[in-house]
Amino acid sequence: MLPRYDLSPTRNGYMFITATGACYHLHFTEYYLTDCAGKELIIPAFAFLAEEAIRHIYDEKVRNTIIYALSNYFNKNKCACLSYICDTKDGYARHRNIIFRKWLRETGHMSIERFDCKKEYNLSGLYASILIRSENPLKEYYLDAFTKALRAHSAGCRVRRCHHRTYCRHRE
């Protein structure tokens, strides 16, 4: 097992404190999508953030702790998907996306596939992914709904959402 921080449960997920005193929150929320038939679909969403602006010191245990929480989620929810949208408030969404993608690749969770937004959405500042187990029988259904929401969002339509921005498309 990789070294990680202890997770403390919160109302919507977990929190942990690093060796330098930085407090991280991991949130599991919901996104409301519409499938191709117009039926409302609720999918889980994941976000993590530091409580305050922190110095960017590499800490392997932060990565390991976040990946551990995601692994637990997928182990408990075999047929689930999970959207991940990078926070855009401070202009570092692209950096967060790169780091998160690197973490997933480094930790080797091959049974969990990541599908990213198309690059043209990145140009507008939207960096988002959807994570799905390779063997999930509803994978295409979730991807289609996620893609539809992203198209509606980019066309200026109002899409129902919860807590964060909206959605993404299948990696090409």
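Me: Does Y142, at 12% relative accessibility, count as buried or exposed?

Reply: The model is predicted: local features need pLDDT of at least 70 and side-chain atom pairs count only at pLDDT 80 or more, whereas totals for chains, interfaces and linings use all residues. Residues are numbered from 1 along each chain as its sequence is written, and side-chain values use heavy atoms, leaving out hydrogens and water. Buried denotes a relative accessible area under 20%, exposed one over 50%, and partly exposed the range in between, with a 1.4 Å probe and protein chains only. Because its relative accessibility is 12%, Y142 counts as buried.

Me: Which geometry describes the aromatic pair of Y141 and Y142?

Reply: Rings of Phe, Tyr and Trp (its six-membered ring) pair if their centres lie within 6.5 Å; planes under 30 degrees apart are stacked, over 60 edge-to-face, and the rest tilted. Y141 is partly exposed, because its relative accessible area is 30%. For Y141 and Y142, the centres are 6.0 Å apart and the planes stand at 50°, which makes the pair tilted.

Me: How is confidence distributed, and which element has the lowest mean pLDDT?

Reply: The pLDDT is the predictor's confidence in each residue, from 0 to 100; its mean over the chain is 78, and 77% of the residues reach 70 or more. Over residues 157–172 the pLDDT is below 50, yet this stretch has 59 contacts (heavy atoms within 4.5 Å) beyond near neighbours in sequence. Confidence is highest in strand β1 (residues 8–9), at 96, and lowest, at a mean of 58, in helix α3.

Me: What is the strand order of the sheet?

Reply: Helices (H or I, at least four residues) and strands (E, at least two) are DSSP runs numbered from the N terminus; the chain has 4 helices and 7 strands. Two strands pair if DSSP finds at least two bridges between them, and 2 bridges join the antiparallel strands β1 and β2. The sheet is open, its pairing is mixed, and the order of its 7 strands is β1-β2-β3-β4-β5-β7-β6.

Me: Which strands stand at the edges of the sheet?

Reply: An edge strand is recognised here by a single partner strand, so one of its sides is left without a neighbour in the sheet. The two strands concerned are β1 and β6.

Me: Which element supplies the largest share of the largest nonpolar core?

Reply: A nonpolar core is a set of buried Ala, Val, Leu, Ile, Met, Phe, Trp, Tyr and Cys residues joined through side-chain atoms within 4.5 Å. The largest has 27 residues, and F46, I66 and F100 have the most contacts inside it. Each of β3, β4, α1, β5 and α2 supplies at least two of its residues. The largest share, 7 residues, comes from α1.

Me: What separates the ring centres of F28 and F46?

Reply: F28 and F46 are both buried and belong to one aromatic cluster with F48, Y73, F74, Y84, F100 and W103. The pair links strand β3 to strand β4, with the two residues 18 apart along the chain. The planes stand at 50°, so the pair is tilted, and the distance between the centres is 5.1 Å.

Me: Where is R11, and does R11 count as buried or exposed?

Reply: R11 is placed in the loop between β1 and β2. The C-alpha atom of R11 is 8.7 Å from that of H27, a residue 16 places away along the chain. Because the relative accessibility of R11 is 80%, R11 counts as exposed.
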